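Please open the model in your viewer and keep the selection panel at hand, since the stops below go from the whole chain to a single strand and then to a single side chain.

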Amino acid sequence: MPATNALANTAGRAIVIGCGGVLGIAWSIGLIAGLAREGANVQSVGLWVGASAGSVVAAKLACGFAIDELLEEQINGTASAHEVLRSYSQAEVDGKNQVLFEKVCGDLIQARQHIGAWALRSNTPLPEERRAIIAQRLHNADWPDKPLRIVSVNAHDGTEKIWDRSSGVTLVDAVAASCAVPGVWPPVQLQGEHFIDGGLRSMTNADLAIGARHVLVISPQGYSDSNPVSGHLRDELKALQASGSQVQVIAPDAASLKAIGSNILAPSRCAHVAAAGLHQGHALCSAMSAFWALSNAQPNLIDPITST
């Protein structure tokens, strides 16, 4: 499991958005739009945390982009127009990570180092081409005033890197690093090091919200229990609960999972997946509104509306 967050966090509310490729972006945006349309104001938060796909959505919302506009970009095809189809199987990755985890006797740092070394020697598109895609996703936005944490992993030593506005890199570069799926997209060179996907630390990184009173975790990949390198959400929930946070998890329901399909890097499905997320958000609004209104005096709450 990832180490407990050492960063100070005094946010009353936090939203954490996990990994999931371009379809994870589409689903998360649809879901949040559905919640917002039905009155659950999930944008009024003090901290955003994002990794990989989640870094894109968290960055956009922290920067103040209107959720209805982001949804329209997904539905009308604008968001996917500059994306590139890549072959990817999460089930295959999970299986390889199980083998690797056993090989390194459960040492997560060693596992990440092995994956980082492979990422560095992989044949991928050019870094400048990939950066242009990320810049287009973010409309070249700069760091927001609202606290935002973007997660990546050092490809050389396997350690985590949490980027924020004080890190000395642009938001586009931080998000590009967080989205650098090993073997699919090039590692991103920043400050003399190479960085890869934040999902190598965790698919969710929910422990980075420790200290917030209310934490909403949006996880396009669910609990990822079959991936011992990256599937730490259950332990992260325990850590959040132990710290006094009230927690809610939303993962794709059956209809959303069917819409997403087997390749999360297939941009042609973005509109369909966003629509499924929107429908799910509508359906969850009552439960979500009740959670968001909870007082600090009430007991901790763990994922009563989660689909695993």
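Begin with everything selected: among contacts (heavy atoms within 4.5 Å) between residues at least 6 apart in sequence, 81% join residues at least 24 apart. This is a predicted model, in which local features need pLDDT of at least 70 and side-chain atom pairs count only at pLDDT 80 or more, while totals for chains, interfaces and linings use all residues. Residues are numbered from 1 along each chain as its sequence is written, and side-chain values use heavy atoms, with hydrogens and water left out.

Still with the whole protein in view, the C-alpha trace spans about 50 × 45 × 35 Å along its principal axes. The radius of gyration, taken over C-alpha atoms, is 18 Å, which agrees with the value near 19 Å for a compact globule of 308 residues; the globule rule is 2.2 Å times the number of residues to the power 0.38. Colour by secondary structure next, and ten helices and eight strands appear, these being DSSP runs numbered from the N terminus (helices H or I, at least four residues; strands E, at least two).

Now select residues 148–154, which form strand β3, where seven of the seven residues are buried, that is, under 20% relative accessible area with a 1.4 Å probe and protein chains only, whereas exposed means over 50% and partly exposed lies in between. Which strands pair with β3, if pairing requires that DSSP finds at least two bridges between two strands? Add β2 (residues 47–51), which pairs with β3 in the parallel sense over four bridges, and look for glycine 50 opposite isoleucine 150. Then add β4 (residues 160–163), whose pairing with β3 is antiparallel, also over four bridges, with valine 153 opposite glutamate 160. In the hairpin of β3 and β4, five residues lie between the strands, and glycine 158 takes a positive phi near 75 degrees. Finally, add β6 (residues 193–197), which runs antiparallel to β3 and is joined to it by three bridges; serine 152 has aspartate 197 as its bridge partner there.

For the last stop, select histidine 194, which lies in β6 and is partly exposed, with a relative accessible area of 22%. Not counting residues up to four places away in sequence, its contacts include Val153, Asn154, Pro187 and Leu120. Draw a distance from the C-alpha atom of histidine 194 to that of leucine 120, and the separation is 8.3 Å, although the two residues are 74 apart along the chain.

Methods:
Two strands pair if DSSP finds at least two bridges between them.
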